[in-house]
Structures are given as C-alpha cells and as structure tokens.
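Here are my notes on this entry, point by point. Please read them with the model open.

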Amino acid sequence: MLELHSHTTCSDGSLTPAELVKFAAEKGVKALAITDHDTMAGWDEAIATATLLNLEIVPGLELSTVYNGRSMHILGFYPDAEKLRSPLQERVEGRKRRAREMAAKLAELGYPIELPDLSGLMAPGRPHIASALKKAGHVKSNREAFDRFLKDDGPAYVPYEKFTAQEGIELLTQCGAVSVWAHPYIFRGGTVEAILPELVEAGLTGIEVYHPTHSPSQTRKLEEYCQTYGLLMTGGSDYHGPRKEKNPDFRDLNDLAVPLTLLPPLRAAAIALKSTRS
Ligand code: AMP
Ligand code: ZN
Ligand code: FE
Ligand code: FE
C-alpha cells in the first residue's frame with residue numbers, strides 16, 4: 001500500500017530514515033513519502049535503503065506556514081531539490097530561532113529546559129521542546145507538555161516566522177512540487193469550507209484526505225471537496241515512530257491502507273507542473 005506522510009529523525013520523528021524504510025518494507029508499504037517538517041535531509045538515506053528493499057520513495061516535505069495566525073501544514077511532493085534548498089535553509093534557521101524563543105519563554109515561566117543540539121540540518125519542532133520538558137522533570141508526558149505549554153494558544157507557544165500558506169503553496173509550485181493541504185481538520189484558524197477556495201486560488205493541487213485524525217464523515221467531506229475543486233487526494237499515517245504513550249490518533253505504518261492508485265496521478269501532476277514551468 002501507499003504511505004504519503006511520515007517523519008524521521010531529520011525533523012521530529014524517532015526513527016532514522018534507514019530504520020523507517022526498513023520498517024515500512026516489513027509492514028508491506030510499497031511506496032513511502034518522506035515528509036519531514038521543512039527539510040529534505042532524509043531523502044538520500046531513505047532512497048539508498050529503499051533501493052535494496054524494492055520499495056519506492058516519494059520525495060516530499062511538510063511545509064510549516066501561518067494562516068490566520070495559526071499553524072497550517074502544506075505537504076509538497078516531488079519538489080526540485082536544487083530550487084527548494086535555499087528557501088528551506090531559511091525555514092530551518094527560523095525553526096531554530098523559534099526553539100530558542102520557546103525555551104526562553106519557558107525559563108521565564110519558571111521551567112528552564114536544555115535544548116537539543118541545534119547544529120546541522122535537523123529541523124527542530126515542538127515535540128523536541130516537549131521531550132526537553134520531560135527530561136527536565138517539568139512534565140510527565142508529551143501530552144502534558146502540549147496541554148500545559150506548547151499547544152497553539154499555550155503560554156510557551158511561539159508561531160513560526162511569518163510565511164503564509166499562500167506563500168508556501170506558491171513556493172512549492174515554483175519548485176515544481178505538488179502542494180497538498182495536510183490534515184485540514186486539525187487546522188484551528190477557520191473552517192475548511194471557507195479556507196479551501198483561497199488555497200485553491202493560490203495554486204493548491206491536493207488535499208490530504210486520509211489521516212488518522214479525520215473522522216469517517218470528515219474523510220467523506222474531503223473526498224467531495226476534491227471532486228468539486230478537481231483536487232488530488234493523498235493520505236498517510238503521519239508516522240513519527242513507535243509511540244510509548246497511548247494516543248487515540250496513532251496509526252502504525254500502512255494501517256490506513258491508502259490505495260496505490262493515488263500515486264500515478266500525483267506523479268503525473270508533478271511532471272505537468274515541471275513542464276509548464278520550464
Ligand atoms: P511544530 O511544527 O514545531 O509546530 O510541531 C508540530 C508537531 O507537533 C506535529 O507534527 C505533532 O507531531 C506535534 N503536535 C502538535 N500539536 C500537538 C498537540 N496538541 N499534542 C501533541 N502533539 C502535537
Ligand atoms: Zn511532526
Ligand atoms: Fe502536520
Ligand atoms: Fe506530519
């Protein structure tokens with residue numbers, strides 16, 4: 001089956017790209033997209049491992065943007081890596097500044113933490129701050145870290161540096177990538193119905209219809225939107241590695257059983273985007 005949303009240690013996943021690919025092959029995944037937050041750093045290792053295991057890697061990323069002051073994630077598939085490298089470098093630097101700001105806010109609140117090593121290509125996110133809070137003994141679980149401090153309106157939350165969803169979609173399009181609104185029903189800054197036309201206007205090519213957080217009726221609604229707007233459908237478990245804590249939204253790799261038939265249209269769209277731009 002198909003998995004179009006996964007994370008590695010290059011962002012906030014807990015498996016290295018090689019470990020993730022090996023596990024995906026064991027689980028029966030035939031094509032796996034590596035979609036780390038704001039970085040393409042995991043691709044090479046994933047592709048090298050996948051070649052030995054007869055598994056296809058779909059090169060991707062999950063871009064962090066802001067819409068209506070809230071965090072909005074846009075997936076990009078098959079970007080031209082050369083074109084995207086330098087803008088992404090800025091995004092990762094922005095994430096590092098943000099991590100330091102969140103640490104400063106926590107210290108001010110009386111909860112000092114030790115940040116992980118921020119050198120290198122790794123893109124730090126809130127889960128890293130949650131782990132640091134746990135390590136410092138301020139919280140017992142990641143959930144508690146998010147509930148008390150890190151959720152979107154939490155006291156230690158710092159938004160990404162301003163980079164709108166429209167800018168994100170345009171950047172991906174310029175780089176020949178298929179842009180897909182990730183897990184639309186997680187978004188807290190407005191209704192899907194109201195926002196979708198604006199994203200389509202900006203050049204959005206698809207919607208992540210299948211995601212562990214979507215209810216069956218939400219999934220059906222998204223399928224309908226794809227029909228109405230002529231958008232591609234994608235899906236995946238948003239895998240971040242095995243979970244130690246109980247989480248109702250957790251799905252193991254391949255559990256969503258996303259059909260492989262969704263892949264050829266995605267590939268074709270990426271080729272079409274590149275040919276219209278060159
Ligand atoms: P960031 O991109 O740094 O804002 O972090 C986003 C990541 O944090 C997501 O991919 C999730 O893994 C995690 N996350 C976001 N909100 C929550 C929440 N309320 N509870 C637990 N984890 C969350
Ligand atoms: Zn994540
Ligand atoms: Fe996301
Ligand atoms: Fe994700």
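**Metal sites and domain contact**

1. The zinc ion (ligand 2) and the iron ion (ligand 3) are separated by 5.6 Å. Keep in mind throughout that this is a predicted model.

2. Take the zinc ion (ligand 2) next. Its protein donors are two OD atoms of Asp12, plus NE2 of His37 and NE2 of His240. These atoms lie 2.0 to 2.6 Å from the zinc ion. Along the chain the spacing reads D-x24-H-x202-H.

3. Which residues hold the iron ion (ligand 3)? The protein donors are Glu62 (OE), His73 (ND1) and His183 (NE2), at 2.0 to 2.2 Å from the metal. Their sequence pattern is E-x10-H-x109-H. Water is not among the atoms, so this site may look incomplete.

4. The iron ion (ligand 4) sits 4.2 Å from the zinc ion (ligand 2). Its protein donors are NE2 of His5, NE2 of His7, an OE atom of Glu62 and an OD atom of Asp238. They lie 2.1 to 2.3 Å from the iron ion. The donor residues are spaced H-x1-H-x54-E-x175-D. Glu62 thus deserves a look: it is listed as a donor to ligand 4 and also to ligand 3.

5. What is the geometry at the iron ion (ligand 4)? The site is irregular, with angles of 75 to 159° among its four donor atoms. A tetrahedral call needs all angles between 85 and 135 degrees, so that range rules it out.

6. Now the domains. Domain 1 covers 2–90 + 160–277, and domain 2 covers 93–150. Domain 1 is therefore written as two segments under the domain assignment used. Over C-alpha atoms, the centres of the two domains are 24 Å apart. The contact draws 15 residues from domain 1 and 15 residues from domain 2.

7. How much area do domain 1 and domain 2 bury between them? The figure is about 1200 Å², with 41% of it on carbon and sulfur atoms. On the domain 1 side, Tyr160, Glu161 and Glu245 lose the most area to domain 2. Together these three residues account for 40% of what that side buries.

8. Polar links across the interface can be listed briefly. One salt bridge is found between domain 1 and domain 2. As for individual salt bridges, Arg95 pairs with Asp38, and the closest N and O atoms are 2.8 Å apart. Between the domains, seven residue pairs are in polar contact, both partners at pLDDT 80 or more. The side of domain 1 that touches domain 2 has three nonpolar, seven polar and five charged residues.

How values were computed:
Residues numbered from 1 in each chain as written. Chains lettered and ligands numbered in written order. Predicted model: local features only at pLDDT ≥ 70, side-chain atom pairs only at ≥ 80, totals over all residues. Heavy atoms only, no water. Contact = heavy atoms within 4.5 Å. Buried area = accessible area lost by both parts, 1.4 Å probe. Salt bridge = Lys/Arg side-chain N within 4 Å of Asp/Glu carboxyl O. Polar contact = N/O pair within 3.5 Å; in protein donor to acceptor, adjacent residues only side chain to side chain. Nonpolar A, V, L, I, M, F, W, Y, C, P; charged D, E, K, R; others polar. Donors = N, O, S within 2.8 Å, 3.2 Å for Na, K, Ca; no water. Tetrahedral: all angles 85-135°; square planar, octahedral: opposite > 155°, others 65-115°.
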